[in-house]
Amino acid sequence: MIETLIKGMDTVWVLIAAFFVFFMQAGFGMVEAGFIRAKNTINILMKNFIDFAFASVMFFLVGYAFMFGTGSDFIGLNGFAMFNANNPSGVPDFAFLLFQIAFAGAAATIVAGAMAERTKFKAYLIYTIIVSALVYPIIGHWIWGEGWLMDLGFSDFAGSTVVHLTGGAIALIGAKILGPRLGKLNPDKSSNVLAGHNIPIAALGIFILWFGWFGFNAGSTLGVGDGSLIAMVALNTNIAAAAGGITAMAVVWFIFGKPDASMTMNGFLGGLVAITAPCAFVDPLSALAIGAIGGMLVVAGVFLLERWGIDDPVGAVAVHGFNGVWGTMAVGIFGLKSMGLKFGGLIEGNGFTQLGVQALGVVTVAGFAILVMGTVFKLIDKTRGLRVSRDEELKGLDIEEHGMESYPGFEIFLTE
Amino acid sequence: MKLIVALIQPHKLPDVKHELFKAEVFKMTVSNALGAGQQKGYTETYRGIVHEINLLKKVRIEIAVNEGFVKPTIDAIIKGARTGKIGDGKIFILDLPECIRIRTGDTGSDAIG
């Protein structure tokens, strides 16, 4: 009787968390739509819908089996379409599957922002299918599916590496292969601002993501227990987000003399990504430090990418890539052995072993994602084409790819 | 003095600007415009329903020039805007009786250059 109640409570918690994480899809959609120009809004929203749809189908059919199936340290091989699926959680198969589908969707959709305003819709569909059926599940298997990184003691509680670094690394290679948007670079290689068209929508998206992240991190406990762990994770998540926004605002204020809104908002996300891996292994004071550094990293990441001539319209690489790395490493620095780490963090006096394993995970995951998806993007580019034509980019992807406008009846400036 | 008014495809504006800069024409006014010419409209779909929209989006460029610059300016606009397809646009040339620079009070040719 009491076991049934406990299992029921855990299941409700995981399902509610899954619904929260699903809603983050809306957050990504709004952030990306707000930070790009009006003429490409329908295109980015379609990409946000469709990548979740394909992630849902592909992860159900094959992704889950590759990720959580048994087989080898590299890839799982049983449980296709959930027949005889291996379930490492304590909740029913379908609750766990839904939660994992929402994560797969989040990893896929990160990339849309970095490749926005110039990627062909068809090319994006191919990318979506491959990433949610293959690349994300394989990386997930290494870390969460009893794969080789898990065996080594690598710890990523809610997915700084699995979700965010994977998405961020693919975003980096995708933006690099595509090249900058027309008009982004001046002839002397300096950068122009191609300003986002709707900051209030982007702001709403940030709030939605922050809200959804409580499910993303606290739901990754996969159970309620006595409530103390989910309480700590939720608090850590909030503190890191707040600290990230504050430091990003402070740094950009100091450099440019104004508290820039788009940078501050990305700072919140930077703090959230950074706390995702360590959220269950650190105390709130460490979460404050992790988030604070995360916010500064966002500013540094944006400037570095501009210097490298890589055009990331929404800052996805700085937020998810740079902070995916930082959050994973933070486990090896601030992590407490008593919270379930194999070796424990540096500050507690456990030496560099945990940090070393975390670093190995970062390098192999980023390397694998960049290698596989870099090859896929190159192949698409050589065959079907990855980038839209110059005329189409100037006219906007909405009218050319989808045959409609985001704001009919409003005057959209076509002169930029 | 002439006033050159050109109506072009919006996505050709970067090319036209580039050609104008090469011809050392730097002063211009650019605005969004709606209109239709020979090509009487295009279709758009909304929720699966195809409907026709007669007025097309264009960009209007206005440039006031002295006589010597009329030919280079027109050549530059044509070079930048021509694709050979319907919808490339039109150029109108108007006589300009007077021009005054507000800051200095200059008039005529001096005010344009």
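In the predicted model, Leu3(B) has Leu94(B) of strand β6(B) as its bridge partner. This pair belongs to the antiparallel association of β6(B) with strand β1 (residues 2-8) of chain B, which extends over seven bridges, and within that association Leu7(B) stands opposite Lys90(B) of β6(B). Strand β1(B) also pairs with β5(B), again in the antiparallel sense and over seven bridges, with Ile63(B) of β5(B) serving as the bridge partner of Ile4(B).

These pairings form part of an open, antiparallel sheet of four strands in chain B, arranged in the order β2-β5-β1-β6. The edges of the sheet are occupied by β2 (29-35) and β6 (89-95) of chain B, each of which pairs on one side only. Neighbouring strands of the sheet are turned against each other by 25° on average, when direction is ignored. Lying across β1, β5 (56-65) and β6 of chain B is helix α2 (residues 67-81) of the same chain, which runs at about 5° to β1(B).

In chain A, two helix pairs that share α11(A) can be described. Helix α11 (residues 316-334) packs against helix α12 (residues 353-383) of chain A at an angle of about 160°, and the two axes are 7 Å apart. Because angles over 145 degrees count as roughly antiparallel, α11(A) and α12(A) are therefore assigned a roughly antiparallel relation. The crossing of α12(A) by α11(A) is right-handed. On the side of α11(A), the contact involves Val325(A), Thr328(A), Met329(A), Val331(A), Gly332(A) and Ile333(A), whereas α12(A) contributes Gln354(A), Leu355(A), Gln358(A), Ala359(A), Gly361(A) and Val362(A). Classified by residue type, this contact comprises seven nonpolar and five polar residues, with no charged ones.

Helix α6 (residues 160-178) of chain A also meets α11(A), their axes coming within 8 Å and crossing at roughly 140°, an angle that makes α6(A) oblique to α11(A). Here the crossing is left-handed. The residues of α6(A) that take part include Ser160(A), His164(A), Leu165(A), Gly168(A), Leu172(A) and Ala175(A), and among those of α11(A) that they meet are Ala316(A), His320(A), Asn323(A), Gly324(A) and Gly327(A). By class, the contact of α6(A) with α11(A) holds eight nonpolar and 11 polar residues, and no charged residue is present. Val325(A) and Thr328(A) of α11(A) take part in the contact with α6(A) and also in the contact with α12(A).

Key. Residues numbered from 1 in each chain as written. Chains lettered and ligands numbered in written order. Predicted model: local features only at pLDDT ≥ 70, side-chain atom pairs only at ≥ 80, totals over all residues. Pairing = 2+ DSSP bridges. Axes fitted to C-alpha atoms, helices over the stretch in contact; angles between N-to-C directions. Contact = placed C-beta atoms within 7 Å. Parallel < 35°, antiparallel > 145°, perpendicular 65-115°, else oblique. Left-handed = near helix turned anticlockwise from the far one by under 90°. Nonpolar A, V, L, I, M, F, W, Y, C, P; charged D, E, K, R; others polar.
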